[in-house]
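Got the viewer open? Good: let's walk through this one selection at a time, starting with a single side chain and working outward.

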Amino acid sequence: MAHVKSTTKRPGARRSSTNVWTEEERAAMQESARERKAASRRSPDEERAEGLRDVLAKIAEMPEHDRVMAERIHALVTAAAPSLVPRTYYGMPAYAKDGKVICFFQAKSKFKVRYSTFGFQPDARIDDGAMWPVAFALTALTPADEKKIAALVKKAVS
């Protein structure tokens, strides 16, 4: 006779919620769907202008602390890699090459966490040996941080 593993759940235990995703996560997924739909209607000529408009609109919606940091990140990325095309990514400012997101800024208010994040996607060429960071927590931007971000963005598109 085969052994049957018993469940570890208590018979009377209930899940407090049937939601797997938080409200913020669901909103981000919905934004991503809208972004893909809008992007599919754009011509390559419209992509940069419309993407820039979308990124600046998202930055303008942010609370002041996030907005100031996002504006600075936007300036750093566009100066370091003018070939990157601004666009939104799950409702966040992002920068793409050949239609693929290379880097993005996630404001701390987006998911109600204690720090903002500047991250890179797999198409970013920031490889450094067998292991390297792909996201950085940001609580403030110092001149040294800005220099590091600019260098990483330049490396990412090389």
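Is Arg 53 buried, partly exposed or exposed? Select Arg 53 and turn on a surface: the residue is partly exposed, with a relative accessible area of 48%. Keep in mind throughout that this is a predicted model.

**Stop 1: around Arg 53**

Leave Arg 53 selected and add Glu 50. Their side chains meet in a salt bridge, 2.7 Å from N to O. Both residues belong to helix α2, which covers residues 44-61, and they are about one helical turn apart because 3 residues separate them in sequence. Glu 50 is partly exposed too, at 28% relative accessible area.

Now add Asp 54. Arg 53 also forms a salt bridge with Asp 54, and here the closest N and O atoms are 3.2 Å apart. Asp 54 is buried, since its relative accessible area of 18% falls under the 20% cut-off.

For a network, select Glu 31, Lys 58, Glu 61 and Lys 110: salt bridges with shared partners join these four into one.

**Stop 2: a link across the sequence**

Side chains of opposite charge can pair when their charged atoms come close. Across the whole structure, a search finds 8 salt bridges. For one of them, select Glu 24 and Lys 112, whose side chains meet at 2.9 Å, N to O. Glu 24 sits in helix α1 (residues 23-41) and Lys 112 in the loop between β3 (100-106) and β4 (116-120), so this pair ties together parts that are 88 residues apart in sequence. With the surface on, compare the two ends: Glu 24 is partly exposed at 21% relative accessibility, while Lys 112 is exposed at 65%.

**Stop 3: zoom out**

Switch to cartoon and colour by secondary structure. What is the order of helices and strands along the sequence? The pattern reads α-α-α-β-β-β-β-β-α, with 4 helices and 5 strands in the chain. Colour by burial next: of the 158 residues, 35% are buried. If you plot a contact map, look at the contacts with a sequence separation of 6 or more; 49% of these are between residues 24 or more positions apart.

**Stop 4: two helix pairs**

Two packed helices are described by the angle between their axes and the distance between the axes.

Begin with α2 and α3. How do these two helices run relative to each other, and at what angle do their axes cross? The axes come within 9 Å and cross at roughly 155°, which makes the two helices roughly antiparallel. To see the contact, select Leu 52, Val 55, Leu 56, Ile 59 and Ala 60 on the α2 side, then Arg 67, Ala 70, Glu 71 and His 74 on the α3 side. Coloured by residue class, this contact shows 6 nonpolar, 1 polar and 2 charged residues.

Keep α3 (residues 64-80) and bring in α4 (residues 143-157). Their axes are 9 Å apart and the packing angle is about 40°, so this pair is oblique. Look down the crossing and you'll find that α3 passes α4 in a right-handed one. From α3, select Arg 72, Ile 73, Leu 76, Val 77 and Ala 80; from α4, the residues they meet are Glu 146, Ile 149, Ala 150, Val 153 and Lys 154. By class, this contact has 7 nonpolar and 3 charged residues, with no polar ones.

**Stop 5: two backbone oddities**

Time to pull up a Ramachandran plot. Most residues other than glycine have a negative phi, and most peptide bonds are trans.

Select Tyr 90, in the loop between β1 (85-89) and β2 (92-97). Tyr 90 isn't a glycine, yet its phi is positive, at about 55°. Its relative accessibility is 30%, so it counts as partly exposed. While you're there, add Arg 36 from helix α1. Arg 36 and Tyr 90 are 54 residues apart in sequence, and their C-alpha atoms are 9.6 Å apart in space. Arg 36 is exposed, with a relative accessible area of 52%.

Which loop holds Asp 98? Select Asp 98 and you land in the loop between β2 and β3. Asp 98 also has a positive phi of about 55° without being a glycine. On the surface view Asp 98 is exposed, with a relative accessible area of 74%.

Definitions and conventions
Residues are numbered from 1 along each chain as its sequence is written. This is a predicted model: local features need pLDDT of at least 70, side-chain atom pairs count only at pLDDT 80 or more; totals for chains, interfaces and linings use all residues. Side-chain values use heavy atoms; hydrogens and water are left out. Buried means under 20% relative accessible area, exposed over 50%, partly exposed in between (1.4 Å probe, protein chains only). Axes are lines fitted to C-alpha atoms, for helices over the stretch in contact, and angles run from 0 to 180 degrees between N-to-C directions. Angles under 35 degrees count as roughly parallel, over 145 as roughly antiparallel, 65 to 115 as roughly perpendicular and the rest as oblique. A crossing is left-handed if the near helix is turned anticlockwise from the far one by less than a right angle, and right-handed if clockwise. Contact means heavy atoms within 4.5 Å. Ala, Val, Leu, Ile, Met, Phe, Trp, Tyr, Cys and Pro count as nonpolar, Asp, Glu, Lys and Arg as charged, and the others, Gly among them, as polar.
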